[in-house]
Amino acid sequence: MGQEEGQQEHRKVEEAEEAVKTRMERLANFISSRTGATYPLFRPVPEFSLNPFYWLGALSVVAFIIQGVTGLIMALYYIPTEASAYTTTQYIFKSVYFGQFLETIHLYTAYAMIMLAFMHMMRGYFVSVHKKPREIMWMVGMIMGFVTLGFGFTGYLLPYTVISTSASDVGIGMMAALPTPIANLANFLVVGTGGTASELLRFYDLHVIVLPAVLLGLLAVKMMMLETHGVAEPVTGSLTARLKKTLPIFPDVTVYLLELAMIFGVGMLLISALFPIQLGPEYTPQAAAAIAAQPDWYFLWLYQILKIQIFETAGLPIALTFASAVFIVLVLLPFIDKGQDRRILDRPKFVTLGAVFIAELVVLAAWGLVTPGQIIPNLTAVEVLGGTALVVVLAIAGVYAAVRPTGPMAGPASPPSPSGPASGPVHRFYEGKWMGLGMSALMGFGALGIGISVDSVVQMVEFGITTPMLVRFSAAACLMIGVVTFAFLGLRWMGRRVAGQDGIQSNEVRGKLGLD
């Protein structure tokens, strides 16, 4: 009896060990399938990927290499101290052979790297490269994008001009609005023990040592996963035999990448030669007090949000929390947009959100450029940002209404959705939902336009006609005209859909009764 109990206990221990082993194997298989830790490197590349849009990330790496070379040359002369930062930068500009050209290339390739990284991210967003099995690869790429922005933030201070130092101080000041533990950690990492001398040295160390090491490590991880999963196929899914053919990394793909790199490099050289930058005046507290400090263009959108009246002083943490939430959503996008559909026509919600995101960034940056140091009234912010979102949403909705085949109206030539066969009632349900949301948005923006126009008229009657108020009234009038136009087009389109559905149902009834 005791022997049987011992055997049962032994079997239970073995079963528990087997269960743990199975869970560990599943975890290991998941990590391997997502990161490619057990796969060989340098897989062949499909011919359809020989397209510059597939190599935006590679071009940003080329820009990083150019920055590394030019930065190392400048580091031979630069001294990151309060007394020498500006004078050594000035020495590079004026005394080093091609020093100004060197500084110009370094700055313009930094701009190009940020822009290429953004284009790479948005292209991946629209064609759904973040979906299974590339979730972790997307997250690593997003972190690389943040590191790229970190290069811009830390490098902007180093010349120690009045503009760069004042703008960096604005960025450092915004950290104080973060939650206390995060603010303390950020200040320790970025500022150090405090004071300009410590700040300069810490920015230099981050810019020259820490961030390049982090970026190279993340790049190695991402390349390993790219070799595992390969290049994502086009969203159309229709490839000829020639485009499906694979090419070896060397020499075919290597030569193609070198061609792109040389075109990019020559373009940077030409732009740098035609539009050389000038070194601004040295930072002093007196000079800083005479200018409206603003960050460079890639952070200007965020600074413009912080200039909105509601976010001044006490509202600053709310604005920074909102911006942080946007970044977190982008990082976790693979676990939010989990559907199987990759075609742009099958993802109207996410495509519309992406288009609004790009439009708002552009509008905020351009707006910030022309309103330095100005506090933005809340109503003006609603008008500009809400109007931008409305125009983009209505434009995207119009495009989808014109080109997207849905339900029975699509006819027999419509391809089935990747997620399953098209269902007329289901598509009609989503059509009705989108139409209802669109009409609700139009009503809201119409009420906003009426309110703004009435307020503008009252202001002009009371205080006289001024150019800003006239522009405001004209914008409100254009908004109302747009609302009426899109509402008319939407109702007309919906009427045609209803008429078409009634016609199809009538034909089906006639067919069943044998009347045709």
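At what angle do the axes of helix 3 and helix 4 cross? The axes of helix 3 (residues 85-94) and helix 4 cross at roughly 110 degrees and come within 5 Å. Here axes are lines fitted to C-alpha atoms, for helices over the stretch in contact, and angles run from 0 to 180 degrees between N-to-C directions. Helix 3 and helix 4 are therefore roughly perpendicular to each other (angles under 35 degrees count as roughly parallel, over 145 as roughly antiparallel, 65 to 115 as roughly perpendicular and the rest as oblique).

The model is predicted, with local features needing pLDDT of at least 70 and side-chain atom pairs counting only at pLDDT 80 or more, while totals for chains, interfaces and linings use all residues. Residues are numbered from 1 along each chain as its sequence is written, and side-chain values use heavy atoms, with hydrogens and water left out.

For orientation, the protein chain has 17 helices and two strands; helices (H or I, at least four residues) and strands (E, at least two) are DSSP runs, numbered from the N terminus. Of its 516 residues, 39% count as buried, where buried means under 20% relative accessible area, exposed over 50%, and partly exposed in between (1.4 Å probe, protein chains only). Among contacts in the protein chain with a separation of 6 or more, 79% come from residues 24 or more positions apart, contact meaning heavy atoms within 4.5 Å.

Back at the opening pair, Thr89, Ile92 and Phe93 in helix 3 meet Gly99, Gln100 and Glu103 in helix 4. The residues of this contact divide into two nonpolar, three polar and one charged; Ala, Val, Leu, Ile, Met, Phe, Trp, Tyr, Cys and Pro count as nonpolar, Asp, Glu, Lys and Arg as charged, and the others, Gly among them, as polar.

Helix 4 (residues 99-126) also packs with helix 5 (residues 135-157), at an angle of about 155 degrees and with the axes 10 Å apart. Helix 4 and helix 5 are therefore roughly antiparallel to each other. On the helix 4 side, Met113, Ile114, Met121, Gly124 and Tyr125 meet Trp138, Met142, Thr148 and Leu149 in helix 5. Seven nonpolar, two polar and no charged residues make up the contact of helix 4 with helix 5.

The largest nonpolar core (a set of buried Ala, Val, Leu, Ile, Met, Phe, Trp, Tyr and Cys residues joined through side-chain atoms within 4.5 Å) has 30 residues, and those with the most contacts inside it are Met144, Val147, Phe151, Leu215 and Phe264. Two or more residues of this core come from each of helix 2 (56-75), helix 4, helix 5, helix 8 (196-229) and helix 10 (249-274). Helix 10 gives the largest share, six residues.

Two of these core residues can be followed further. Met144 is in contact with Leu215, Leu218, Leu219 and Lys222, leaving aside neighbours within four places in sequence. Phe264 has its place in helix 10 and is buried, with a relative accessible area of 12%. Not counting residues up to four places away in sequence, Phe264 touches Leu59, Val62, Ala63, Ile66, Ala112 and Leu116. The C-alpha atoms of Phe264 and Val62 are separated by 8.4 Å, although the two residues are 202 apart along the chain.

Further along the chain, Gly387 lies in helix 15 (residues 378-403) and is buried, with a relative accessible area of 17%. Gly387 touches Val382 and Phe445, not counting residues up to four places away in sequence. Between the C-alpha atoms of Gly387 and Leu479, 92 residues apart along the chain, the separation is 7.4 Å.
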